[in-house]
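Hi everyone, thanks for making time. I'd like to walk you through a structure that may be new to you, so have a look at it first and then we'll go through it together.

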Amino acid sequence: MENQEYAGFWIRVGAVLIDMVVMLIVFGLPLTLIYGETYWTADQMYHGFWDLFFSYILPFAATIWFWLRFFGTPGKMALRLKIVDANTGNKLSVGQAIGRYFAYIVAAIPLLLGYIWIGIDKRKQGFHDKLAGTVVIRQLDKEPVNFNKDA
């Protein structure tokens with residue numbers, strides 16, 4: 001479509017960094033309040049129910065919800081990126097969203113090659129995009145500057 005392009009590797013890295021900061025605040029702060037400083041320094045992998053909830057269940061549910069409701073997570077929204085169906089350009093189906101979430105694991109396994117592939121692929125698809133049938137697009141429309149006080 002006009003005024004859109006496939007979102008490349010570096011802008012998507014930027015979106016992930018924004019999401020990491022948001023997630024650290026939204027999920028990390030409650031975990032610190034519940035478990036204390038030892039949550040971050042202890043050698044144990046699992047700290048209890050709230051760890052499971054804030055580290056796995058809530059991020060999964062929130063990510064799927066953001067993808068289905070807003071076409072992307074807060075980081076993608078901030079950078080004007082949208083995750084869409086690769087064939088139609090429409091919103092993802094629930095199955096695509098869940099599949100894409102778990103396909104992140106597949107993309108990470110071979111030395112992060114599935115993510116690096118975004119920089120090589122002509123449609124800028126990582127392995128997780130290819131497996132889920134999605135693409136990430138970047139909106140290029142600029143909002144015009146209006147100096148009218150009434151606007």
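Let me begin with a question: what do the buried residues of α3 pack against? They pack against α1, which is 9-35, α2 at 38-41, β2 at 81-85 and α5 at 94-108. I'll come back to that helix in a moment.

One thing to keep in mind throughout is that this is a predicted model.

Okay, the overall layout. The chain has seven helices and three strands. If you read along the sequence, the pattern goes β-α-α-α-α-β-α-α-α-β. Lay the chain along its principal axes and the C-alpha atoms fill a box of roughly 50 × 45 × 25 Å. Of the 151 residues in the chain, 31% are buried. And if you take contacts between residues at least 6 apart in sequence, 62% of them join residues at least 24 apart.

Now back to α3. This helix covers residues 49-70, so 22 residues, by the helix assignment used here. From its first C-alpha to its last it reaches 29 Å, close to the 32 Å expected at 1.5 Å a residue. Where does α3 kink? At L58, by about 35°, shortly before the proline P59. P59 is also one of the buried residues of α3, along with D51, F54, T63, I64 and W67.

F60 sits in α3 too. Is F60 buried or exposed? Neither, really: F60 counts as partly exposed because its relative accessibility is 25%, and the partly exposed range sits between under 20% for buried and over 50% for exposed. Leaving out residues up to four places away in sequence, F60 touches I98, Y101 and F102. For a feel of distances, F60 and I120 are 60 residues apart along the chain, and 28 Å separates their C-alpha atoms.

On to the inside. As a general point, nonpolar side chains in soluble globular proteins tend to be buried together. Here, the largest nonpolar core has 10 residues: A7, I11, A15, I64, W67, L81, I83, L92, A97 and V136. At least two residues of this core come from each of α1, α3 and β2. Take A97 as an example: setting aside neighbours within four places in sequence, A97 is in contact with I64, W67, L68 and L92. Apart from that core there's another one, of five residues, and F71, A86, V135 and I137 are among them.

Let's stay with two members of that second core. First, F71, which is in the loop between α3 and α4. What is unusual to look at here is its backbone. As background, most residues other than glycine have a negative phi. F71 isn't a glycine, yet it has a positive phi of about 70°. F71 counts as buried because its relative accessibility is 18%, and the cut-off for buried is under 20%.

There's a second case of this, L111, in the loop between α5 and α6, which is 113-116. L111 isn't a glycine either, and its phi is positive at about 55°. Is L111 buried or exposed? Exposed, because its relative accessible area is 79%. So F71 is buried, whereas L111 is exposed.

The other core member I wanted to show is A86, which lies in the loop between β2 and α5. A86 is buried, with a relative accessible area of 16%. Not counting neighbours within four places in sequence, A86 is in contact with R123, Q125, G133, T134 and V135. A86 and L24, on the other hand, are 62 residues apart in sequence and 30 Å apart in space, C-alpha to C-alpha.

Last topic, the empty space. How much space lies in the largest pocket? About 1,200 Å³. The lining of this pocket has 37 residues, and V16, D19, M20, M23 and T63 lie nearest its centre. T63 may ring a bell, since we met T63 among the buried residues of α3. Which helix gives the largest share of the lining? That's α1, with 14 residues. At least two lining residues come from each of α1, α2, α3, α4 at 74-78, and α5.

That's my tour, and I'm happy to go back to any part of it.

Technical notes:
Residues numbered from 1 in each chain as written. Predicted model: local features only at pLDDT ≥ 70, side-chain atom pairs only at ≥ 80, totals over all residues. Heavy atoms only, no water. Helix = DSSP H or I, 4+ residues; strand = E, 2+ residues; numbered from the N terminus. Expected span 1.5 Å × (residues − 1). Bend = angle between axes of the 7 residues up to and from the residue. Buried < 20%, exposed > 50% of the residue type's maximum accessible area, 1.4 Å probe, protein only. Contact = heavy atoms within 4.5 Å. Core = buried A, V, L, I, M, F, W, Y, C linked by side-chain atoms within 4.5 Å. 1 Å grid on protein atoms, 1.4 Å probe; cavity = no way out; pocket = protein on both sides within 12 Å on 5 of 7 lines; lining within 4 Å. Points joined across faces, edges and corners; volume = space filled by probe spheres on them.
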